[in-house]
Amino acid sequence: MKKGFKRGISSKARDQIDGLLFVALPIIGLTLFVGIPLVFSLVLSFGKLTTFEITDITFVGFDNYIRIFTSDKTYLLSILWSFLFAIFASTLQTGLSLLIAFLLSKIKSGQTVIRIILFIPYVCSVVAISYVWNLLLDKNYGVFNDILVKFGTSAIDFLNDDRFSMPIMIIMAVWSGLGYGTILYSAALGGIDKSLYESADVMGASETQKFFRITWQCITPTTFYLLVMGMISNLQAFTNFQIMKPSYNGEQIETMVYHVWWAAFEKTDSYGLGYASALGWITGLIIIIFTIVMFKLQKKWVHYES
């Protein structure tokens, strides 16, 4: 029976059935774990739910969205903190990655070992990295303060000092993502046609001219990719801020995603899941709009091979 069934189906139809079966599982997974939760959170954002019982929901229209922009100053401040963190972390990480990759391209041995060492933090858990940095920065028994004390300086509460709290978070983010950027830039630098440099040498171009006229032009797609992915990732920063709890002016620094979690689970009775869902959608829209703007601006400086 099965053989007869197979003979009755054309080769093209069999390929189509096989293809549908292959894509069915991912589609089902995306529908169950992405599509349905998105729709549910959108519906929830128009309601008030200060418990974890869905039957307690009360629909309030656009009240949650109006409340975000009229009375939630903490969220508006979190947008500022998020962009400050993301812009500095992404640009510094991209710039340092390029510098390291460029220097590595000039040495003949040890490149692989250095890349592996730099890449290790990238594959480590954010939770683990955050706890390690917490220990290193601790005012009473942290390594950094031990060094400062030995040099005759008083201990510093880094994460609660206005001068260091946000810079520390930025440095940690740059350090953890440095290896990824370095590897991508190394690949981009290695893919540049050497004949371009030979032609430049014949024309008497300096090293600076070769970098900006050849190297930079060829690696702008990689730079754009790293900046976009870095901004998207850093605008969604949450775990490191939740664990390390940096503060400014005596109040904890909150990112957009951290504030969503805070409203949903820390202040459920005051804000609730409906309000947190509205915050989540606003946060998502901010990131999407910013990403679209970046893609529009890339036409002015990113050069793709024709």
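This is a walk through the pockets, nonpolar cores, aromatic pairs and backbone features of the structure above. Please keep in mind that the model is predicted.

Let us begin with empty space. Rolling a probe the size of a water molecule over the atoms shows where such space is left. The largest pocket found here has a volume of about 570 Å³. Its lining is made of 24 residues, and those closest to the centre are Y122, V126, S176, S233 and N234. Six helices each give two or more residues to that lining: α4 (73-104), α5 (111-123), α6 (126-137), α8 (165-190), α10 (207-235) and α11 (239-244). The largest share, seven residues, belongs to α10. As for chemical character, the lining of the largest pocket divides into 15 nonpolar and nine polar residues, with no charged ones.

The second largest pocket holds about 290 Å³ of space. You can trace its wall through F102, S105, K106, L189, G190, I192, K194, Y197, E207, K210, F211 and T215. Here α8, α9 (194-202) and α10 are the elements that contribute two or more residues. Once again α10 appears, giving four residues, the largest share of the lining of the second largest pocket. Which classes of residue line the second largest pocket? There are five nonpolar, three polar and four charged residues. If you are setting up a calculation around either site, you may like to hold these two counts side by side: the lining of the largest pocket has no charged residues, whereas that of the second largest pocket has four.

Now turn from the empty space to the packed side chains. The largest nonpolar core has 31 residues, and the members that touch the most others are I68, Y75, L235, A263, L279 and I286. At least two residues of this core come from each of α3 (63-70), α4, α10, α12 (256-266) and α13 (272-297). With nine residues, α13 supplies the largest share. To see how parts of the chain meet here, pick out L235. Leaving aside its neighbours within four places in sequence, L235 is in contact with S82, F83, A86, M256, V257, I287 and F290. Apart from the largest core lies another core, of 22 residues, with W81, M166, M169 and M244 among them.

Helix α12 deserves a look of its own. Its buried residues are M256, Y258, H259, V260, W262, A263 and A264. One of these, A263, was met above as a residue that touches many members of the largest core. What covers the buried residues of α12 includes α4, α10, α11, β4 (251-252) and α13.

Aromatic rings come next, and the structure holds 21 aromatic pairs. One of them joins F46 and F62: the ring centres are 5.2 Å apart and the planes stand at 85°, so the pair is edge-to-face. This pair links distant parts of the chain, with F46 in the loop between α2 (11-44) and β1 (47-48), and F62 in the loop between β2 (58-59) and α3, 16 residues apart. How does each ring's residue sit relative to solvent? F46 counts as partly exposed because its relative accessibility is 23%, while F62, at 55%, counts as exposed.

A second pair is formed by F158 and F164. Their ring centres lie 5.5 Å apart with the planes at 70°, so this pair too is edge-to-face. F158 is buried, with a relative accessible area of 8%, whereas F164 counts as partly exposed at 25%. Elsewhere, W216, F224, F295 and W301 form one aromatic cluster.

Finally, a glance at the backbone. Most residues other than glycine have a negative phi. K245 has a positive phi, near 50°, although K245 is not a glycine. This residue lies in the loop between α11 and β3 (247-248), and K245 is partly exposed, with a relative accessible area of 45%. N249 is another non-glycine residue with a positive phi, of about 55°. Its place is the loop between β3 and β4, where N249 counts as exposed because its relative accessibility is 58%, above the 50% cut-off.

Notes:
Residues numbered from 1 in each chain as written. Predicted model: local features only at pLDDT ≥ 70, side-chain atom pairs only at ≥ 80, totals over all residues. Heavy atoms only, no water. 1 Å grid on protein atoms, 1.4 Å probe; cavity = no way out; pocket = protein on both sides within 12 Å on 5 of 7 lines; lining within 4 Å. Points joined across faces, edges and corners; volume = space filled by probe spheres on them. Nonpolar A, V, L, I, M, F, W, Y, C, P; charged D, E, K, R; others polar. Core = buried A, V, L, I, M, F, W, Y, C linked by side-chain atoms within 4.5 Å. Buried < 20%, exposed > 50% of the residue type's maximum accessible area, 1.4 Å probe, protein only. Contact = heavy atoms within 4.5 Å. Phe/Tyr/Trp six-rings, centres within 6.5 Å; stacked < 30°, edge-to-face > 60°.
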